[in-house]
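Work through the exercises below with the model open beside you. Try each task before you read its solution.

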Amino acid sequence: MAPAPPANPLSTTEIESIDAYWRAANFLSVGQIYLLDNPLLKEPLRAEHVKPRLLGHWGTSPGLNFIYAHLNRIIRQHDLNMIFVCGPGHGGPAMVANAYLEGSYSEIYPHVSLDEAGLKTLFRQFSFPGGIPSHAAPDVPGSIHEGGELGYALSHAYGAAFDNPDLIVACVIGDGEAETGPLAAAWHSNKFLNPRRDGAVLPILHLNGYKIANPTILARIPHEELRSLLRGYGYEPLFVEGSDPTAMHRDMAATVMDACHRIRVIQQDARARGATPRPIWPMIVLRSPKGWTGPKTVDGLKTEGFWRSHQVPLSGLESSPSHLQALEEWLHSYRPHELFDDAGRPSTAVRATTPSGIRRMGANPHANGGLLYKPLDLPAAKEFSVACTSPGASLAEPTRVMGAYLAAVVRSPANQSNFRLVGPDETASNRLDAVIEATQRSWMGERLPEDTLLSPDGRVLEILSEHTCQGWLEGYLLTGRHGLFSCYEAFIHIVDSMFNQHAKWLDASRKLAWRKPIASLNYLLTSHVWRQDHNGFSHQDPGFIDVALNKKADIVRVYLPPDANTLLAVTQHILRTWNRINIIVAGKQPGPQWLTFDEAEAHCRSGIGRWAWASNDEPQGPDIVLACAGDVPTLEMVAAIALVKQHLPEIKIRMVNVVDLMTLQPGSVHPHGLSDDAFAELFTRDRPVIFAYHGYPATIHRLTYRRPNHANFHVRGFMEEGTTTTPFDMTVLNRLDRFHLVCDVLDYLPHLTAKTEGLRSLMLQKLDDHHRYIRQFGQDMPDIRDWRWPL
Ligand SMILES: Cc1ncc(C[n+]2csc(CCOP(=O)(O)OP(=O)(O)O)c2C)c(N)n1
Ligand SMILES: [Mg+2]
């Protein structure tokens, strides 16, 4: 138990000034939702002063304002370095109101000045065409969390706190949000937070009792059950409950002080003694009415302290004089004339309660992480490359090679608090274990003598919650650091929606000059569709790429390195990029090494290219183009080419490998897209193209449908045929194997029919042999397992 905090009851004057601030923030929240004009109510309120469409969320806002006011107080009192993660991001009016009152808003947006004209702009712009969104979106100073899609506040908060020893991340969690799976898992982040090295998270469960139209679960379980639940998650919940403002200010001030005191004691203890038993961190449960201080009833129906206050409690104002009057009374209840002077400036009493400079939560650089961005110290990837004396002569496990490189990245003293690897318990399985050996896994839980590579100081974060992994990494990146998320390809779909949200965040952020670029969100998707033959159908899904392609072209990159050296070159590249989402799909199983490191690097730079050693189309040009993207499709295509060359050497083949999928899109759509001329140069204007692709065939068509020669594209890929079988059989089931590919070549070069029937029968025979062999012996035929590029 932490020693009692110093007694510090709020004086009457302090209560008055904090209440004035709260009233001002509430007034500004209501004003933003409702008013077009007459911001200081200098005239009687008329319907034309009110917005024609009322869009926003009132219910959560007074609680958020209350919390913000009290955090401001503790920041000022102890000069704390604190940011605010607003789980109920629909409380955008509150976030904006607070940034405005503390002055950070007008510094960034001078046209929203601290005067009457600025107030009018502030009100008008909210949820208004050409104005600002209704949530805690990137345009809100101090926000790293939009909160539109609920569930990620706590994992974002912890991500921000890792490796930021001085930072306290206050994280408001809606009691509805707390019902989501991602939020439930994120409570356990405290098992990974090291008080010696990391900052603190102060969760504040906002128990306002309701969601949109329902009570919340946590508000309707007995007090003791809630306390036990939160204690079970490893927190000491401190309760602030009630609705009387004066009593609540007093309680909240004491509780916030208690919580911060406990945090300080935990940190001092850990940092002075060096010991790191897992602390029981404090958290706050704020039980206050939803829509607190709003209309108590509307049309006779309970509104304050009920779900009816969630959005806009009073509506239809143009046709309802009584609602208009209720709004006017509601606004006047905050006594705006005491809070703003005649010119519309917040009063001295109100302004006196806010911190100054970068201690203001809207101006804290951690919430604009690009300001703190330091490039990674990257070792030369070439030193980690594998020998390649001739194409396909040697084998390598691509992700193991990448792992050795990442281990060097985490070992670099310059990167000690600047890089994290996250994953859902698959880092070793994905053969990145060198990173774990270099730094260990982060673990604050109990450790047994037989445990290996678990340490409070470990920098690899593993929790079996893809949501939490993603949230941590996003929080880490948004506060200016770097990282990589490695995941089974099929299960990355679990975070499809989080990916979407981050892509939207990046898209909106890059339009704001004041938001500085942050490091890219990097995914390594491995144990991919073609190498999950042991786990079967549930583990076979290449569709994340398609989710990613829906996002704006300039945000997303998809890399399909065909071998270990190319994976290494891509890794080195992506770790230097910013404001992107980079997706690498690469296998972990031993595979042929096709390119030297220098060739791989050049291949990555162009993103696509003809592989001369596999082609025989010069000087006269190809009869057919054989293209591939992905390590397994590349292997099968190269093997198919070997068969064609052996049996029909007169066929002129051009082999094209795609490592950067975005090169296929027109240059007008994606910055990496080839020009149409360059595309036609590679794929010709009239030759058949057979394309062996890692994922769903339609994706290649989608990317190339406007390209010259698209009508001649024939794509093989995953056809949703999966099961527990051999690796080669997976390709056969989906007609991506070398034998089917040879048949495709024969099909699309019909003038060769007379000479090719023998080869076709041989291929069908091979497929038949394969079918029988694997059923008899349980593994692939030796000439498949031991195949090497022969030429
Ligand atoms: C994942 C997700 N599901 C549904 C919604 C729709 N939604 C918006 S606000 C809300 C209720 C939130 O309640 P709570 O977290 O208690 O926030 P409060 O407004 O009460 O502070 C819901 C369901 C959402 N935004 N995100
Ligand atoms: Mg709620």
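## Exercises on a predicted model

Asp163 sits in the loop that runs between α6 (153-161) and β2 (167-174). Keep in mind that this is a predicted model.

**Exercise 1. Find the sign of phi at Asp163 and decide whether the residue is buried or exposed.**

Step 1. Start with the backbone. Asp163 has a positive phi of about 60°, although it is not a glycine.

Step 2. Recall the usual case. Most residues other than glycine have a negative phi.

Step 3. Turn to accessibility. Buried means under 20% relative accessible area. Asp163 has 6% relative accessibility, so it counts as buried.

**Exercise 2. Repeat the analysis for Asn38: where is it found, and what is its phi?**

Step 1. Locate the residue. Asn38 is in the loop between α1 and α2 (61-78).

Step 2. Read the angle. Phi of Asn38 is positive, at about 60°, and this residue is not a glycine.

Step 3. Check burial. Asn38 counts as buried because its relative accessibility is 5%.

**Exercise 3. Classify the peptide bond from Glu618 to Pro619: cis or trans?**

Step 1. Look at omega. It is near 5° for the bond from Glu618 to Pro619, and the bond is cis.

Step 2. Set this against the general rule. Most peptide bonds are trans.

Step 3. Place the proline. Pro619 belongs to the loop between β18 (608-610) and β19 (624-629).

**Exercise 4. Identify the protein donors of the magnesium ion (ligand 2), and say which parts of the chain Asp175 and Tyr210 tie together.**

Step 1. List the donors. They are Asp175 (OD), Asn208 (OD1) and Tyr210 (O), at 2.0 to 2.2 Å from the magnesium ion (ligand 2).

Step 2. Write their spacing along the chain. It is D-x32-N-x1-Y.

Step 3. Locate two of them. Asp175 lies in the loop between β2 and α7 (181-186), and Tyr210 in the loop between β3 (200-207) and α8 (223-232), so this pair ties together parts 35 residues apart in sequence.

Step 4. Check burial. Both Asp175 and Tyr210 are buried.

**Exercise 5. Describe the largest nonpolar core: how many residues has it, and which have the most contacts inside it?**

Step 1. Recall the background. In soluble globular proteins, nonpolar side chains tend to be buried together.

Step 2. Give the count. The largest nonpolar core has 172 residues. Tyr34, Tyr523, Ile583, Leu661 and Phe683 have the most contacts inside it.

Step 3. Find the main contributor. Helix α1 (residues 12-34) gives the largest share of this core, 11 residues.

Step 4. Zoom in on Phe683. Beyond its neighbours within four places in sequence, its contacts include Ile608, Val625, Leu664 and Phe713.

Step 5. Look for another core. A second, separate one has 46 residues, among them Met637 and Leu759.

**Exercise 6. Characterise the largest pocket and the second largest cavity: what is the volume of each, and which residues line them?**

Step 1. Take the pocket. The largest pocket has a volume of about 630 Å³. Its lining has 31 residues, with Arg531, Gln589, Pro590, Gly591 and Leu635 nearest its centre.

Step 2. Find the main supplier. With 4 residues, α20 gives the most to this lining.

Step 3. Sort the pocket lining by class. It has 14 nonpolar, 7 polar and 10 charged residues.

Step 4. Take the cavity. The second largest cavity holds about 30 Å³ of space. Tyr68, Phe84, Met95, Ala99, Pro141, Gly142 and Met361 line it.

Step 5. Sort the cavity lining too. It has 6 nonpolar, 1 polar and no charged residues.

Notes. Residues are numbered from 1 along each chain as its sequence is written. Chains are lettered from A and ligands numbered from 1 in the order in which they are written. This is a predicted model: local features need pLDDT of at least 70, side-chain atom pairs count only at pLDDT 80 or more; totals for chains, interfaces and linings use all residues. Side-chain values use heavy atoms; hydrogens and water are left out. A nonpolar core is a set of buried Ala, Val, Leu, Ile, Met, Phe, Trp, Tyr and Cys residues joined through side-chain atoms within 4.5 Å. Buried means under 20% relative accessible area, exposed over 50%, partly exposed in between (1.4 Å probe, protein chains only). Helices (H or I, at least four residues) and strands (E, at least two) are DSSP runs, numbered from the N terminus. Contact means heavy atoms within 4.5 Å. Donors are N, O and S atoms within 2.8 Å of the metal (3.2 Å for Na, K and Ca); water is not among the atoms, so sites may look incomplete. On a 1 Å grid over the protein atoms alone, a cavity is a set of points where a 1.4 Å probe fits but cannot get out, and a pocket is an open set with protein on both sides within 12 Å along at least five of seven lines; lining residues have an atom within 4 Å of a point. Grid points are joined across faces, edges and corners, and a volume is the space filled by probe spheres set on the points. Ala, Val, Leu, Ile, Met, Phe, Trp, Tyr, Cys and Pro count as nonpolar, Asp, Glu, Lys and Arg as charged, and the others, Gly among them, as polar.
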